[in-house]
Structures are given as structure tokens and as C-alpha cells.
2 protein chains.
Amino acid sequence: MLQHSILDTLPRELRKEALESIQVMRFPPGKILFRAGEHCQGLPLMLSGAIKVQMTGVSGNSIVLYRMGADDICTLSIGCLMTGYGYRAEAIVDEEAEAAMVPRGLFDRLMDQSAAFRLGIMESYGRRLDDLMLLVEEVAFRRMDERLEEWLQARRSPIHITHQELAVELGTAREVVSRLLKELERKGRVSLARGKIDVSG
Amino acid sequence: MLQHSILDTLPRELRKEALESIQVMRFPPGKILFRAGEHCQGLPLMLSGAIKVQMTGVSGNSIVLYRMGADDICTLSIGCLMTGYGYRAEAIVDEEAEAAMVPRGLFDRLMDQSAAFRLGIMESYGRRLDDLMLLVEEVAFRRMDERLEEWLQARRSPIHITHQELAVELGTAREVVSRLLKELERKGRVSLARGKIDVSG
DNA sequence: TCCGTTCAGTGATAAAGTCACATTGACCCA
DNA sequence: TGGGTCAATGTGACTTTATCACTGAACGGA
């Protein structure tokens, strides 16, 4: 169950302690791992699956910030744990996910004793930073029709999603997505059905 | 010169090594520390001053992502060093800054041997993540007139800045800033001069 | 089959971004 | 000291995106 995870790289002693004190959990799609404002209940180290992190603005609009995959450690939880503040965003499972919940004490020991673990942390942070920088640029400067088309092209057709969910992916309003999709349909690029988008080509 | 920096917390031996191998540098306002695409020349650990990090989109528009201050370590440089990719953004000095340039080897040793240093790194990452998440929300959902007014209120009047520079701070177009400022002037909230904004109240 | 609910479509209007060009102010320098 | 130059600002026209207020269509029970 822990095969191919970053924990495999630990020296024998530490690995033993890790395997004893961590709790492996399995989450179904749609499961909410945490909500904005809640406090950290442990550091999830992802073993498999995909989890999206999204935030909701004061206006009530939401946007997907980034996704976590295997070997990512939840950087938001680290921050939450360090500062004692609540989460600023929420995490929702996309694809059935397994995660090792690492207790605080073990986290500190891993940071102290394993260079590989530290590297994993830094990589997770690096990816998050990169994701967010790219997102800022997208949201600030790119056209919505281009972003929508790219999003659609990046998945396998047919795509099962509502316009509202797609709006959250892109950080815009549902009406905007509906109109742009209708326009794409008129151009023959997609065909639309309730909760489903077929991309041509 | 290194008083009150994170390096003070190091154990004697490590501190000695640090003081020998780091190079303290001083940068004047306007100095460009690095540009997009360049490769990392060392990890800056800021001792004083303020540095802004901004990125330019494919469209040619720019936006300020966040600012670094004393005790921040440049997370962008860490990522750059780890992955070997070039910088995705550029860093420009706002207020005269001093920074200790930490060589790769020392960085690794500090990570390995100083919990305080690790904590500093994590805090820097945490702040960056937080800054960027807030920025995404701002850019995606908030009205430009509100953002502009908040930005103005957060400084001491008179503010010496051009509309173009202000546009980069907010991630919008110069014309938008000019129009919104003119509107504020009509309402008596500011008075405008070339390169200067006086905020009333 | 009716009913409630979620999902999608759309007109009207406002806010923001883009393009093109006019005007203004600061400064240099002959 | 009067031009000349250039960066900074102003603005009209138009497009894109966001918001508000609905309407209608599809689905899933009861």
C-alpha cells in the first residue's frame, strides 16, 4: 500500500517509526478533506489519486487553485500547522485518493533526519508556487475563450461536468461558460448535452 | 551587519561556516536581481529592504506577484536551483536591500543541521503561497476600483508612481488605471499630478 | 405523471480590457 | 528662452467579460 511512496526512501529505523505512526486513509471522489476556516487535523501525504484545492472569494465565486497528486504533501496543511491559522481554501477529492496522515511529531523528525523527505517537501512547495504563478498570469491576462478551449483540449472526450463546475475550474461565472460553449457549438467544435461536453477532433 | 537575521540562531560552528561562505550584497532601488528565464546564481536571504517579484504574461502585460522583506529567503531561487529551470518571474528592488547570498552547499548543510533555518524556509514558502492565493482571488473576482482605492489607502500620501507602474501593481492596463484615477479625482478623493497621487483624507 | 430541483440559455446592462491617437508636462540644450 | 523630444496622461470607440434577472429544459423521485 505504501509502495513507491517517498516513505520508501527512509532509513530502516525511521521508516519503521513512520509505518507505525502514520494512518493511511482512503477518500472517495467528492469527499471534502477540509474547508476554509477549519484547523489542520494532520498532514496528508498523498499516495495516489487526485485532489483539487479551491477557494471562494468574498463575492461567493470560487476558483480551483491547483491539484495535488501522488507524493505531494499538502503545503496548505503545513502552513496551517505552523501558524495555527485556519485553512484559506478547501480541498475536494477528484479521483479516489489514498493519503498517509503524518502526525506533527513524525513530520518534525522526518524533516530533521531525512534529506529525501525534505526534498519532497520542497518539491511540493515548488510545484504549488509554480501552479499559482501561472494561474495568476492566466486569470489576469488571458482570454476566457482560449482558456476554455485549452481546458477542454486537455481532457478526454466526452467530459462529464456542469457549466457551473467548469466555471469554478476557470474562475469565472457560469453564464460566461454557457455562452462560450454555445459559441463553440455553433462553430462545430463541441456538442453539448446536460452535464456532458463532446469535443470534436 | 548580520544582526537580527535568521543566521543568528545557528549553533556556533555552523554560524562560523555561514559567516565565512556567504557574501553580503547591497542593492539599490530599481536594481534587477534576476529576470525571467535566467538561471539561479545563489540563494538570496534578505537582511533588510524590500524586493518585488513580478511576472510578464505572453500578452506583454506584467503583474506584481508579491514582495519580499527581511528574513525572507527567495523561494523562487530555491525552486530554480532544485529543478534547474530558469526563473519564471523577475525580481526588482523597491527599497535599498541587503541580502546574504547563500551558496548551494551551505544551504544544504543549513537545511540538514538547523531546525530554525528550516522553519525560516517553511515560513517564507508559507507566506508566498498565501500571498499568491490571495492575489488569485483578487484578480479573479474583485472590482478594480475597490482594489485601486485599497492600494492607495495602504500608502502614505503623496504617492510617487506612474499610472503604468500602478497598472503593474494591480495587473491591469494603464488606461484602466488612468480612467479610474480620473474618476476618483472627480469625486475629490485624490488629486493628480504627473507621477504623483495625493490621497485626500 | 406530476413536481421540485438542478442545469442551461439568454437579454440587458455595467465593468474592464484593447487599440489608436491626442494632449500635456518635464527637461535638455542650443 | 524658445523649441524639440519623450515619457506620461487623457480619451473615444469598440470588444470582452461580469452581473442580474429571468426563462425554459431535463432529470429524478413520489
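This report describes how two protein chains are arranged and how they meet a DNA strand.

The model is predicted, so local features need pLDDT of at least 70 and side-chain atom pairs count only at pLDDT 80 or more, while totals for chains, interfaces and linings use all residues. Side-chain values use heavy atoms, without hydrogens and water; residues are numbered from 1 along each chain as its sequence is written, and chains are lettered from A in the order in which they are written.

**Arrangement of the chains**

A turn of 180° with a shift of 0.0 Å along the axis lays chain A on chain B with an RMSD of 0.0 Å (least-squares superposition on C-alpha atoms of residues with pLDDT of at least 70 in both copies). The two copies are thus related as by a two-fold rotation axis. In chain A, A:Val136 has the C-alpha nearest this axis, at 2.7 Å.

**Surroundings of DNA strand D**

DNA strand D is surrounded by 16 residues, each with a heavy atom within 4 Å of the strand. The closest are A:Met144, A:Thr172, A:Arg179, B:His163 and B:Arg194. Of the strand's atoms that come within 4 Å of the protein, sugar and phosphate account for 48%.

Phosphate oxygens of the strand take part in polar contacts (pairs of N or O atoms within 3.5 Å), including those tabulated here.

| Residue | Protein atom | Distance to a phosphate oxygen of DNA strand D |
|---|---|---|
| A:Arg143 | N or O atom in the side chain | 3.5 Å |
| A:Met144 | polar backbone atom | 2.6 Å |
| B:Gly195 | polar backbone atom | 2.9 Å |

Helix H7 (174-186) of chain A and helix H7 (174-186) of chain B are the elements that give two or more residues to this surface; helices are DSSP runs (H or I) of at least four residues, numbered from the N terminus. H7(B) gives the most, with 4 residues.

Notes. A polar contact is a pair of N or O atoms within 3.5 Å; within protein, one must be able to donate a hydrogen and the other to accept it, and residues adjacent in sequence count only if both atoms are side-chain atoms.
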